[in-house]
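User: I am new to this structure. Please show me how to read a few of its features.

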Amino acid sequence: MGRLICAPQFRSCTRGRFIRSDYILNKPSLKIGQQRRFFRNTPVAAGQVLQFKLSDIGEGITEVTVKEWYVKEGDTVSQFDSICEVQSDKASVTITSRYDGVISKLYYNVDDTAIVGKPLVDIETEAVKVGALEEDVLEAPAVSHDEHTHQEIKGQKTMATPAVRRLAMENNIKLSEVVGTGRDGRILKEDILNYLSKQTGAILPLSPTPEIVPPPPQARTAPLQQKDKTLPVAKPAVTKPVFTGKDRTEPLKGFHKAMVKTMSAALKIPHFGYCDEIDLTQLAQLREELKSMAESRGVRLSYMPFFIKAASLGLLHYPILNASLDDSCQNITYKASHNIGLAMDTQQGLIVPNVKNVQMLSIFDIAAELNRLQTLGATGQLGTNELTGGTFTISNIGSIGGTYAKPVILPPEVAIGALGKIQALPRFNAKGEVVKAHIMNVSWSADHRIIDGATMSRFSNLWKSYLENPASMLMDLK
């Protein structure tokens, strides 16, 4: 061995053992020339390239569209740095790095379709922490069996990706106390969430039957400064139309693709329509009185929180409107949570985020949550949690224009309402006098397989009574 020290094929030395890049000479159980490569839980030497693969986003999503790259080839990244933003047919997701290193290759361009489980980028890194996924390693030098065993035993109880470690750290969970269900005992995100669920009983997105608990209190925004009394409202950008004179064909992607799937399923539902007129004069006066109070807390108060809360109070009396019907039309599931969705028109298309557990929220809480959802929607940052789990939907088509509509039910929900624009119109008061009134029209659609016209009408009348006499809501508020 002494004469082999200077041999060119021996390029590295580890703990006194000289290792050839493709051979292991110091193991009696191996013959000269036999290759051995250990990927699992093995530190990688400097200059190694890792394939960063697109992880499973959940919700059965198999492909996404790359909307924006935050890095380019040659950029240096650290763990948890944003790499790109991708959009599925359900949500936009920001992908973050699991490694420290240099981006050596981007596999997709903007607007390309990326496949879950396929490489997204290559990262050249100096060292990979114990617990790096074995399938992420493109190439690695052989190491001694002693080193491999030491690292494997050392990390046996804490094998987890950086994202999982971060989740555990944020919730003050010791990884040594969590039982991993992944390959070779690896701790997965589901293991952390299940552990946290057992400790706190909190609602978790991966739990099949979550309990109803009050949502975490919204952080109260500091009072606005005098000069900021009027909250800014995002205005849609107006672009100059361009006539090309050529036909253009492009594939359906993202939310447009989701709309095709959802509306195709909705065509199987027999829709029952019901329309009515609502006098919002008293509500307009109440909102005007409360606007300054809400703005002092940093929240813009629109009519929508009142509409949503009134709908929730109505659903308590008519729970069949907050239900779902199984595919075989044999069972009805009455939803305990009132997760009321609000249809939004965005640059990405029609999206319907929902406010969770409205039955447990105040009108101010609903307003604060709507402000948050509208901000995320305007910037294309709504996640899967905001876009899934809805049980009842309201579409505010009146914010664009129009009085009546024919809304389409979003399966598996069974009812939806469309609100027209609020207009100042002449109406007769109780004394027969012509007065100025704030009038809004509402259009309901219900699944006629399980909801009859009388039920829809009674719900609408109750919802209408809450809005026309806002004080009556105090009788049922909790």
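Analyst: We take a helix, a sheet and a loop in turn. This is a predicted model: local features need pLDDT of at least 70, side-chain atom pairs count only at pLDDT 80 or more, and totals for chains, interfaces and linings use all residues. Residues are numbered from 1 along each chain as its sequence is written, and side-chain values use heavy atoms, leaving out hydrogens and water.

User: What span should helix 9 have?

Analyst: Helices (H or I, at least four residues) and strands (E, at least two) are DSSP runs, numbered from the N terminus. The expected span is 1.5 Å times one less than the number of residues. Helix 9 (residues 453–468) has 16 residues, so 22 Å is expected; its end C-alpha atoms are 22 Å apart, which agrees.

User: Which residues of helix 9 are buried?

Analyst: Buried means under 20% relative accessible area, exposed over 50%, partly exposed in between (1.4 Å probe, protein chains only). The buried ones include Met456, Phe459, Trp463 and Leu467. Among the elements covering the buried residues are helix 5 (281–296) and strand 20 (434–447), where contact means heavy atoms within 4.5 Å.

User: How are the strands of the open sheet ordered?

Analyst: Strands of a sheet pair through backbone hydrogen bonds, either parallel or antiparallel. Two strands pair here if DSSP finds at least two bridges between them. The four strands run in the order 7-6-4-9, with antiparallel pairing. Strand 7 (92–96) and strand 9 (113–115) are at the edges with a single partner strand each, so one side of each lacks a neighbour in the sheet.

User: Is Val179 buried or exposed?

Analyst: Val179 is exposed, at 67% relative accessible area. Val179 sits in the loop between helix 2 (162–170) and helix 3 (189–200).
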